[in-house]
Amino acid sequence: MSLAAGAGSPPPLRPVSLPELRLLAAPRHWEVNQPIAGLESLTPVRGKLTAHHHSGVLEVEGEVDTIVTLRCDRCLNLFNHALRAEAHELLELAAAGVGSGPGPSRPLDPTELSPSGDDLDDRLDPEGDFDPERWLFEQLSLQLPLVNRCGAECPGPATWSSEEGSGDSRWAALRQLKES
Ligand SMILES: [Zn+2]
């Protein structure tokens, strides 16, 4: 009755320290097959990810797929949407402007790294961590459609029928005016 991950499923993604990555002679590879924090997906996020530490730059490359459930902006029905992110990014390794005090690096404040805040992630503290899960979250979020449409079969706005059913005679009167 073990709940441990079954054979074949890769270990969950964890932040990796950049000084450690720097010591690796080869790029670091991850197999991805798990849910990603912050992204509600119907299926686990699957794919692969590579991080290669060059001096001054972290080169990250990834390719992942998943399926998310979205709400159609028009008919408000839920529909499934295949989400795929393929990204190649160079992250600058440069100490942030804040005075680097002694002691361990401070933990990242999640509010500072809100998904909408940009630029923050283009630069990494060379003594800090690279978080592959967070990176994938950002790449997938970028692929989310700006406008959600359930497809060609969209029945259209649902509001009319509900207004009709509300028994408000003023709507009927308005429609009659328009039609005449
Ligand atoms: Zn729709």
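Four donors around a metal count as tetrahedral if all angles lie between 85 and 135 degrees. That cut-off is handy for the zinc site in this predicted model. Here the zinc ion is held by four cysteine sulfurs, the SG atoms of C72, C75, C150 and C154, at 2.3 to 2.4 Å. The angles these four donor atoms subtend run from 103 to 116°, so the arrangement comes out as tetrahedral. For comparison, the ideal angle for four tetrahedral donors is 109.5 degrees. Along the sequence, the donor residues follow the spacing C-x2-C-x74-C-x3-C. Both C72 and C75 are buried.

Away from the metal, there is one aromatic pair in the structure. It is made by W30 and F130, whose ring centres sit 6.2 Å apart with 55° between the planes, a tilted geometry. W30 belongs to strand β2 (residues 28–34) and F130 to strand β7 (residues 129–130), so the pair ties together parts that lie 100 residues apart in sequence. Both W30 and F130 are buried.

F130 turns up again in the largest nonpolar core. This core counts 31 residues, and L58, F130, W135 and L136 are the ones that touch the most other members. Two or more residues each come from α1 (18–23), β2, β3 (45–54), β4 (57–71), β5 (78–93) and α2 (132–143). Strand β5 chips in the largest share, with six residues. Leaving aside residues up to four places away in sequence, F130 has quite a list of contacts: R14, P15, V16, L18, W30, A51, L58, V60, L91, L124 and W135.

Methods. Residues numbered from 1 in each chain as written. Predicted model: local features only at pLDDT ≥ 70, side-chain atom pairs only at ≥ 80, totals over all residues. Heavy atoms only, no water. Donors = N, O, S within 2.8 Å, 3.2 Å for Na, K, Ca; no water. Tetrahedral: all angles 85-135°; square planar, octahedral: opposite > 155°, others 65-115°. Buried < 20%, exposed > 50% of the residue type's maximum accessible area, 1.4 Å probe, protein only. Phe/Tyr/Trp six-rings, centres within 6.5 Å; stacked < 30°, edge-to-face > 60°. Helix = DSSP H or I, 4+ residues; strand = E, 2+ residues; numbered from the N terminus. Core = buried A, V, L, I, M, F, W, Y, C linked by side-chain atoms within 4.5 Å. Contact = heavy atoms within 4.5 Å.
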